[in-house]
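Dear colleague,

I am handing over the structure below, which you have not worked with before. Please look through the sequence and the model first, and then read the notes underneath.

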Amino acid sequence: MNSKKNTGKVMTVLGSIDPSEVGNTSTHDHIIIEFEAILNEPLNKSEIKMMDEKISLENLGWVRFNWSSSKDNLKYNDVNLAINELNHYKAAGGKTIVDVTNIGLGRNPEKLKEISNKTGINIVMGAGYYVELAQHKGYAKDGVEFLYETIINDINLGVGQTNIKSGIIGEVGCSWPWTNNEKLSMEASVLAHKSSGLPLLIHPGRNQFAPLEIIKYIDDLGADLKNVVLGHIDRTIFDFEILNETAETGVFLNLDLWGHDSPFYPLAPETYMPGDHERIKMVEFLIDQGFEDTILLAHDICTKHRLKKFGGHGFDHLLTRVVPWMKNRKIEDKIINKMMIQNPQKMLTIK
Ligand SMILES: [Zn+2]
């Protein structure tokens with residue numbers, strides 16, 4: 001099978017499009033998701049009963065702090081809710097969303113197709129496997145070849161019987177420490193990336209050295225590093241020397257947690273989640289170092305409390321607030337356009 005028949009195109013849930021149609025893009029988000037795999041108890045054990053409460057104005061402050069402890073917060077898969085949220089994105093000038101909801105996160109191609117049809121937003125759907133914690137036991141027992149077949153079918157034929165095709169491989173989940181099964185999933189993903197020409201988007205473990213470890217591993221497997229996106233850079237790398245070293249490998253760096261306000265970070269309490277003011281400084285540093293052609297931006301919305309309906313910033317946050325803030329900080333328009341339009345366009349174009 002000639003896997004590379006879509007070279008030069010961008011694959012969306014409605015079929016292939018010309019890269020010129022990509023426009024403003026959030027390069028890592030979840031339009032619908034089932035994220036219960038990360039559910040954990042709140043820091044204050046006297047609040048455990050709140051885990052079962054539906055989100056309301058009265059408990060929203062609690063949910064914002066303990067966002068991974070609210071069951072209601074970790075799942076949204078309603079088509080009409082998604083359409084309303086994306087209509088705000090569209091009104092702000094958004095054209096494309098990369099939805100890296102893949103195996104383990106409740107991916108639903110038919111819903112994404114309906115949402116794209118009704119909003120006019122291009123949706124690029126993910127393939128491959130999220131972290132091991134989100135998979136059923138034994139998911140990798142049949143080895144790399146089996147995992148590869150699943151991924152390449154999602155790319156070439158479409159997910160299941162839907163004929164709806166993935167346009168990116170990711171987010172490929174890696175924990176810290178990196179598990180053996182996750183390495184098998186990565187190997188299968190790299191094989192699919194090489195045979196299809198699709199970009200490979202990675203969720204690294206929460207350690208500053210995780211991205212470099214992964215880059216070395218996939219480089220040895222023959223991945224095209226210029227067609228690789230290292231995700232969650234803003235919650236992973238705090239030391240600017242390591243950031244520089246990671247950028248020098250040539251991969252795209254995704255600062256993909258804009259708007260995620262979580263100074264106490266329940267998934268990694270030993271570290272912290274930077275705020276948008278620190279993300280801006282990272283962007284300015286990377287621009288100063290000459291990496292403006294490999295910076296990508298996104299929100300990684302994966303909980304209800306970040307949707308507008310539940311008091312959150314919504315999918316338009318980058319366009320309505322961060323872009324004006326960057327202009328105010330004197331980041332040149334031509335560089336902002338690269339980060340919002342041209343770099344995503346280049347990244348999504350099938351090689
Ligand atoms: Zn994500």
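What follows describes two sheets and then two helices.

Please keep in mind throughout that this is a predicted model.

I begin with the open sheet of five strands, in which the order is β8-β9-β10-β11-β12 and the pairing is parallel. The edges of this sheet are formed by β8 (169-173) and β12 (295-297), and because each of them has a single partner strand, one side of each is left without a neighbour in the sheet. On average, and with direction ignored, neighbouring strands here are turned by 25° against each other. At the β12 edge, the partner is strand β11 (residues 252-255), which pairs with β12 in the parallel sense over three bridges, and N254 stands opposite L296 of β12.

The other open sheet has three strands in the order β3-β6-β7, again with parallel pairing. Here β3 (25-29) and β7 (122-125) stand at the edges, and since each has a single partner strand, one side of each lacks a neighbour in the sheet. The average turn between neighbouring strands of this sheet is 20°, direction ignored. Between β3 and strand β6 (residues 96-99) there are three bridges in the parallel sense, and T25 has T96 in β6 as its bridge partner. Helix α3 (residues 109-119) packs on this sheet, where it touches β6 and β7, and the direction of α3 makes about 165° with that of β7.

Turning to the helices, α5 (residues 180-196) has 17 residues, which at 1.5 Å a residue should span 24 Å, and the distance of 24 Å between its end C-alpha atoms agrees with this. Among the buried residues of α5 are L184, M186, V190, L191 and H193, and the cover over the buried residues of this helix includes α4 (143-156), α6 (210-220) and two strands of the five-stranded sheet, namely β8 and β9 (200-203). Just after α5 comes G197, which takes a positive phi of about 80°.

Helix α11 (residues 333-348) has 16 residues, for which the expected span at 1.5 Å a residue is 22 Å, and its end C-alpha atoms are indeed 22 Å apart. Even so, α11 bends by about 45° at M339. M339 is also one of the buried residues of α11, which include K338, M340, N343 and P344 as well.

With best regards

Notes
Residues are numbered from 1 along each chain as its sequence is written. This is a predicted model: local features need pLDDT of at least 70, side-chain atom pairs count only at pLDDT 80 or more; totals for chains, interfaces and linings use all residues. Two strands pair if DSSP finds at least two bridges between them. Helices (H or I, at least four residues) and strands (E, at least two) are DSSP runs, numbered from the N terminus. Axes are lines fitted to C-alpha atoms, for helices over the stretch in contact, and angles run from 0 to 180 degrees between N-to-C directions. Two residues are in contact if their C-beta atoms, placed from the backbone, lie within 7 Å. The expected span of a helix is 1.5 Å times one less than its number of residues. The bend at a residue is the angle between axes fitted to the seven residues ending there and the seven starting there. A residue is buried if 20 or more other C-beta atoms lie within 10 Å of its own, exposed if 12 or fewer, and partly exposed in between; C-beta atoms are placed from the backbone.
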